[in-house]
Amino acid sequence: MADRTDTVRVAIAQLDVAARDVARNSARLSALVTEHADADLVVVPELALTGYQVDDLDELAAPPEQALAEIAAACARAGTAFVGGYLEPGPGRPYDAMAVIDASGALVANYRKTHLFHAEAAAFATGDRLVVARLGELTIGLMNCFDMEFPEVARTLADNGAQLLVVSSANMDPLFHDHLIAGQSRALENRLPLVYANRCGTEIGHRFCGGSRAVDPDGRVLAELDRDEGVLTVDVPLHSALGDFVQYRSLLRPELYSRR
């Protein structure tokens, strides 16, 4: 990571992924890393390596060291870290997973989606733990699409030391505003920045709605893409402009929140 204590430079890639073409997608993601060597971190959408598929998945699934080998080599050459989605073999069904590769090309974390949306519940195995990952001096908290809609996920990541919330997504029409509101809310309520890389294009009957964005720790959208392909490079502030004013997590009263 670059030696910046107050910001992190993130390249947020909004892609129309090639369905079921792992080789093509791997080459493209590797090229993205190479082209954005000035960024500390490149973030790409959910299942960016395989496309958003829910049938005949075994042929697309591979362990992260194998699936992401080309991308890891690009990270090592560029000195840039990477977060993105792929299919990982699982028990009976594969996991909808996210991998974190650091600037040396090492796989430093793997996250299996814990909150499955609609038909995903029948297609994927369910992850059983939340994950934070270290990238140099920075700790990131991982969310995969639908995970972001649950406040408890981001709050747990924040409590476990996350300094930046990173979301890979394949959000679709008519749910654009769900993720706009959720992303700003998760940032504001934890006073943490959030970066969100969403799909665009169409696949298996879904039209993905784009809107990839960076949100500051005060819930404000710093920059955002429309519905088309593009890469947004943003210097994301790691600290609230308000300082210690209204830090929600320090003001919690957990004794009031238990179920009765």
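## Helix α5 and its surroundings

Contact here means heavy atoms within 4.5 Å. The structure described is a predicted model. In helix α5, which spans residues 151-159, the buried positions are V153, A154, R155, L157 and A158. The elements that cover these buried residues of α5 include the strands β6 (132-135), β7 (138-144) and β8, together with helix α6. Immediately after α5 comes G161, with a positive phi of about 105°.

## Helix α3 and its buried face

Helix α3 covers residues 69-78, and within this helix I71, A72, A74, C75 and A78 are buried. Viewed down the axis of α3, these buried residues fall within an arc of 160°, so they line one face of the helix. An α-helix has 3.6 residues a turn, so residues three or four places apart point the same way.

The buried residues of α3 pack against three elements: helix α1 (22-35), strand β3 (81-88) and strand β4 (95-101). The residue G79 follows α3 and has a positive phi, near 70°.

## Packing of α1 against α3

Two packed helices are described by the angle between their axes and the distance between the axes. For α1 and α3, the axes come within 9 Å and cross at roughly 10°. Angles under 35 degrees count as roughly parallel, and α1 and α3 are therefore roughly parallel to each other.

On the α1 side, the contact is made by S26, A27, L29, S30, V33 and T34. On the α3 side, the participants are E70, I71, A74, C75, R77 and A78. Sorted by class, the contact of α1 with α3 comprises 7 nonpolar, 3 polar and 2 charged residues. I71, A74, C75 and A78 of α3 appear both among the buried residues of that helix and in its contact with α1.

## The loop between β1 and α1

L15 is located in the loop that runs from β1 (7-14) to α1. With a relative accessibility of 5%, L15 counts as buried. Neighbours within four places in sequence being set aside, L15 is in contact with R28, L29, L32, V44, P45, N198, R199, C200 and E229. Among these partners, N198 is 183 residues away from L15 along the chain, yet the C-alpha atoms of the two are separated by 7.5 Å.

L29 of α1 is thus a partner of L15 and also takes part in the contact with α3. C200, another partner of L15, is itself buried, at 3% relative accessibility.

## The loop between β2 and α2

Several residues of interest lie in the loop between β2 (41-43) and α2 (64-67), including E59, L47 and T50. L47 has a positive phi, near 50°, although this residue is not a glycine. At 1% relative accessibility, L47 counts as buried.

T50 is likewise buried, its relative accessible area being 0%. Apart from neighbours within four places in sequence, the residues in contact with T50 are V17, A18, A19, R20, D21, V22, N25, L60 and L87. E59, by contrast, counts as exposed, at 62% relative accessibility. The C-alpha atom of E59 is separated by 9.7 Å from that of P89, which is 30 residues away along the chain.

## Further backbone features

The peptide bond that joins D173 and P174 is cis, with omega at about 5°. P174 is placed in the loop between β8 (164-168) and α6 (176-190).

H118 is a residue other than glycine with a positive phi, near 55°. The location of H118 is the loop between β5 (107-112) and α4 (120-123). With a relative accessible area of 71%, H118 is exposed, whereas L47, which also has a positive phi, counts as buried.

## Cysteines

A search of the whole structure finds 0 disulfides. A disulfide requires a pair of cysteine sulfur atoms within 2.5 Å. The cysteine sulfur closest to that of C145 belongs to C209 and lies 8.8 Å away, too far for a bond. For C200 the closest cysteine sulfur is again in C209, at 10 Å, and this distance is also too far for a bond. C145 counts as buried at 7% relative accessibility, as does C200 at 3%.

Conventions: Residues numbered from 1 in each chain as written. Predicted model: local features only at pLDDT ≥ 70, side-chain atom pairs only at ≥ 80, totals over all residues. Heavy atoms only, no water. Buried < 20%, exposed > 50% of the residue type's maximum accessible area, 1.4 Å probe, protein only. Helix = DSSP H or I, 4+ residues; strand = E, 2+ residues; numbered from the N terminus. Arc of directions from axis to C-beta. Axes fitted to C-alpha atoms, helices over the stretch in contact; angles between N-to-C directions. Parallel < 35°, antiparallel > 145°, perpendicular 65-115°, else oblique. Nonpolar A, V, L, I, M, F, W, Y, C, P; charged D, E, K, R; others polar.
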